[in-house]
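Trainee: I should like to learn how to read the features of a structural model in a systematic way. Could we work through an example together?

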Amino acid sequence: MIRNFEELTANLNDDDKNIARIVKAGLKKYKGKLNAIAGSKICSGFHSNTKIKITPVKLRKIINYLRNEGEPICSSSKGYFYPICQQEIKDTCISIQQRIDSQAQVINQLSQHI
């Protein structure tokens with residue numbers, strides 16, 4: 001869990017894991033960067049089809065869980081997708097690393113005030 005965000009970052013419960021399985025099955029239809037589906041569409045579609053509401057935060061948590069379970073889910077500014085080539089995986093890895101680097105810069109700046 002992440003401090004100050006414990007409720008949002010707690011481990012998935014059994015209901016959330018079932019939702020993750022449904023999200024994974026639906027997401028497998030979106031192959032390649034050009035066919036990415038926006039997170040907002042996943043959330044609204046899930047609610048329309050199951051009557052279960054998923055927030056964008058919950059969806060990101062589920063995507064993170066699925067990735068940590070070994071699913072090669074990629075993302076771009078257009079949404080989430082399964083890769084059709086190694087370059088799409090590489091691009092997603094670069095994007096995630098750039099976000100990590102950006103957060104490290106913030107930590108360095110904030111640490112100067114301690």
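The dialogue below takes up confidence, a helix, salt bridges and two loop residues.

Trainee: What should be settled before any feature is read?

Mentor: This is a predicted model, in which local features need pLDDT of at least 70, side-chain atom pairs count only at pLDDT 80 or more, and totals for chains, interfaces and linings use all residues. Residues are numbered from 1 along each chain as its sequence is written, and side-chain values use heavy atoms, with hydrogens and water left out.

Trainee: What is the mean pLDDT of the chain, and which elements have the lowest and highest values?

Mentor: The term pLDDT denotes the predictor's confidence in each residue, from 0 to 100. Here the chain has a mean of 93, and 99% of its residues reach 70 or more. The elements are DSSP runs numbered from the N terminus: helices (H or I, at least four residues) and strands (E, at least two). Among these elements, helix 1 (residues 6–9) has the lowest mean pLDDT, 70, while strand 2 (residues 79–81) has the highest, 98.

Trainee: How many residues has helix 2, and what is its span from first C-alpha to last?

Mentor: The expected span of a helix is 1.5 Å times one less than its number of residues. Helix 2 (residues 14–27) has 14 residues and reaches 20 Å between its first and last C-alpha, close to the expected 20 Å. At the N-terminal end of helix 2, Asn13 acts as a cap, with a side-chain oxygen 3.0 Å from the backbone nitrogen of Asp15.

Trainee: Which residues of helix 2 are buried, and why are they on the same side?

Mentor: An α-helix has 3.6 residues a turn, so residues three or four places apart point the same way. Buried means under 20% relative accessible area, exposed over 50%, and partly exposed in between (1.4 Å probe, protein chains only). In helix 2 the buried residues are Asp16, Ile19, Ala20, Val23 and Leu27. They cover an arc of only 105 degrees around the axis, so they are on the same side of helix 2; the arc is that of the directions from the helix axis to the C-beta atoms. Asp14 and Asp15, on the other side of helix 2, are exposed.

Trainee: Against which elements do the buried residues of helix 2 pack?

Mentor: They pack against helix 3 (39–50), helix 4 (56–68) and strand 2.

Trainee: How many salt bridges does a search of the whole structure find?

Mentor: A salt bridge is a side-chain nitrogen of Lys or Arg within 4 Å of a carboxyl oxygen of Asp or Glu. The search finds 3. One of them joins the side chains of Asp16 and Lys58, at 3.0 Å from N to O. This pair links distant parts of the chain, with Asp16 in helix 2 and Lys58 in helix 4, 42 residues apart. Asp16 is buried, at 8% relative accessible area, whereas Lys58 is partly exposed, at 24%.

Trainee: With which residues does Glu71 form salt bridges?

Mentor: Glu71 pairs with Lys24, the closest N and O atoms being 3.4 Å apart. Lys24 lies in helix 2 and Glu71 in the loop between helix 4 and strand 1, so the pair ties together parts 47 residues apart in sequence. Glu71 also forms a salt bridge with Lys28, with 3.6 Å between the closest N and O atoms. Lys28 is in the loop between helix 2 and helix 3, 43 residues from Glu71. Salt bridges that share partners thus join Lys24, Lys28 and Glu71 into one network.

Trainee: Is Glu71 buried or exposed, and which residues does Glu71 touch?

Mentor: Glu71 is buried, with a relative accessible area of 16%. Contact means heavy atoms within 4.5 Å. Not counting residues up to four places away in sequence, Glu71 touches Lys24, Lys28, Leu66 and Tyr82. Of its salt-bridge partners, Lys24 is partly exposed at 28% relative accessibility, and Lys28 is partly exposed at 36%.

Trainee: Where is Lys31 found, and with which residues is Lys31 in contact?

Mentor: Lys31 is found in the loop between helix 2 and helix 3 and is partly exposed, at 46% relative accessible area. Leaving aside neighbours within four places in sequence, Lys31 is in contact with Tyr82 and Ile84. The C-alpha atoms of Lys31 and Pro83 are separated by 5.8 Å, although these residues are 52 apart along the chain.

Trainee: What is the phi of Lys51?

Mentor: Most residues other than glycine have a negative phi. Lys51 has a positive phi of about 70 degrees although it is not a glycine. Lys51 is placed in the loop between helix 3 and helix 4 and is exposed, with a relative accessible area of 65%.

Technical notes:
Polar contact = N/O pair within 3.5 Å; in protein donor to acceptor, adjacent residues only side chain to side chain.
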